[in-house]
Amino acid sequence: MNADETLERPPAVDDAGTGPAFIALPHPAVAASARPAEAAGARQVPLYAPRRKIYPQSVHGTFRRIKWAILVVTLGIYYLLPFVRWDRGPNAPDQAVLIDFSTRRFYFFFIEIWPQEVYYLTGLLIIAAMALFLMNAVAGRVWCGYLCPQTVWTDLFQMIERWTEGDQRAHLQRDRHGWTLERAARAVAKHSIWLMVAWWTGGAWVLYFADAPTLVRELATFQAPIVAYAWIGILTFTTYSLAGHMREQVCQYMCPWPRIQAALTDEYALNVTYRYDRGEPRCSVKKSAALRASAQPAGDCIDCYQCVYVCPTGVDIRNGANLGCIQCGLCIDACDGVMAKIGRPARLIAYDTDLNIRRRQEGKPALHRIIRLRTVFYAAIICAVAAIMLYTLTTRSSEGLSVIHDRNPMFVRLSDGELRNAYTLRILNKSLEMRSFVLTVDGLADIDLKVVGDTTTTGRSALIAVGPDQTRELRALVGTYSSLPPEASIPLTFRISDTKTGQRASAVDHFRGP
Ligand code: SF4
Ligand code: SF4
């Protein structure tokens, strides 16, 4: 790159569109120097902005390497995890991560979540939300720039695009010179690979809902359930559309997080920042040498647009904080490369704060406060919820009992004078062995317990067998000959006790009278 020649080059976007892809507030420092008309807000901002196709240029550097590493790890986990096995014994599936709708279980390595334990999902959602807030408080949209599936898949699709269509300049030139056989062949190759990746993305998703090797065999021999093909089709379409075609539009117009994030940030959060205190007034290398020789101010920015060319969302970070910026750090890599070539210090664009820029301008040292009230608060909630979940997971029982009283009728009086209430009982056996439980009821002076269809009932107790990793639903009739006060509602305690281990569970309901 010749820095002097690139001074007037436009951003790498398809100019077919007329409006801006987003609205950026000009930086005060920029307003004072480079673009007076733009900075003064003289541009008319249309209500509708047609999409400008962006051709991001490839870039090398620290943040690009971090993004590649995250891409390999996250996509590797996503595509391969369904094939990881986990031995749970003879009566349980051996897939490490499985959402089994047929038995209504979620398996995650050694953890098995039952439908009654869906509150763990609530805990996970709280932790995920707080982690997002914490990331935002520490380093802005770090989720958007590095971890969001939209960013990861878009990165992958852009890499495929560069393989097939060439880097920015070649791709742009080819697109501007109309259709040729070569362009058509490259386009076919690109879309074919995109569709294959999208198809495998949808395919990997359904493997989390059934035994993966079996489902792969069934899919290949067209014997899989129709719903599996339908989901693969839907996810193939959404992946291809969102990562291949819509890209930055998803971040700028569809995703609510940038709006929420903007309300949650503060002046200490690190963001990808153009250090205008160092960069302005921007001018070419030659001109800045002349200005400096005559003791006039000259910034380090040579206005080469490299930071804009590599930006996947087409943002010029020098215009200040922008909703379109996903904080991926690629402009830092691009600018560091430029600075290295012209022999100036790196990090003209860096993770920094406007507060620090102002402090440096006032001759004060930079201030970094990662530990502050909001980061401590978010971290404390994450730790507290994680600790509660861990405690309940490690101490949870392997049996459970729930009771529901019949609503209609609430009670019946039998011809021999017995007053009877009916209940639906559900006994859970979360272990992988057959178990027998003694069911008892307490709360009334005399109790006549009957379990419908069970012959082991003896007045106050019954022996109930429950299969491994199963739930058994029973209908229990509780009667009494005692006289009760009018409109009685007497608490009854139902208990189950394992005949071998003595492990217990209980549930409370009421006995109603006339
Ligand atoms: S900030 Fe860096 S990459 Fe961007 S135009 Fe200035 S010198 Fe070039
Ligand atoms: S401005 Fe920089 S950090 Fe923001 S999206 Fe563009 S390249 Fe990434």
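The following exchange covers a sheet, a ligand shell and the nonpolar cores of a predicted model.

Residues are numbered from 1 along each chain as its sequence is written, and chains are lettered from A and ligands numbered from 1 in the order in which they are written. In this predicted model local features need pLDDT of at least 70, side-chain atom pairs count only at pLDDT 80 or more, and totals for chains, interfaces and linings use all residues, while side-chain values use heavy atoms, without hydrogens or water.

Visitor: Which are the edge strands of the open sheet?
Guide: Three strands, taken as DSSP runs of E of at least two residues, form an open antiparallel sheet in the order β1-β2-β3, where pairing requires at least two DSSP bridges. Two of these strands pair on one side only, and the edge strands are therefore β1 (97-100) and β3 (111-113).

Visitor: How many charged residues are in the shell around ligand 2?
Guide: Ligand 2 is surrounded by residues including Val272, Cys311, Ile317 and Cys331, each having a heavy atom within 4 Å of it. Ala, Val, Leu, Ile, Met, Phe, Trp, Tyr, Cys and Pro count as nonpolar, Asp, Glu, Lys and Arg as charged, and the others, Gly among them, as polar. By class, the shell has nine nonpolar residues, three polar and, of charged residues, none.

Visitor: Which element gives the most to the largest nonpolar core?
Guide: A nonpolar core joins buried (under 20% relative accessible area, 1.4 Å probe, protein chains only) Ala, Val, Leu, Ile, Met, Phe, Trp, Tyr and Cys residues through side-chain atoms within 4.5 Å. The largest has 28 residues, with Ile317 among those having the most contacts inside it. Elements supplying at least two residues each include β4 (271-274) and β5 (349-352), but the one giving the most, with five residues, is α16.

Conventions:
Helices (H or I, at least four residues) and strands (E, at least two) are DSSP runs, numbered from the N terminus. Buried means under 20% relative accessible area, exposed over 50%, partly exposed in between (1.4 Å probe, protein chains only).
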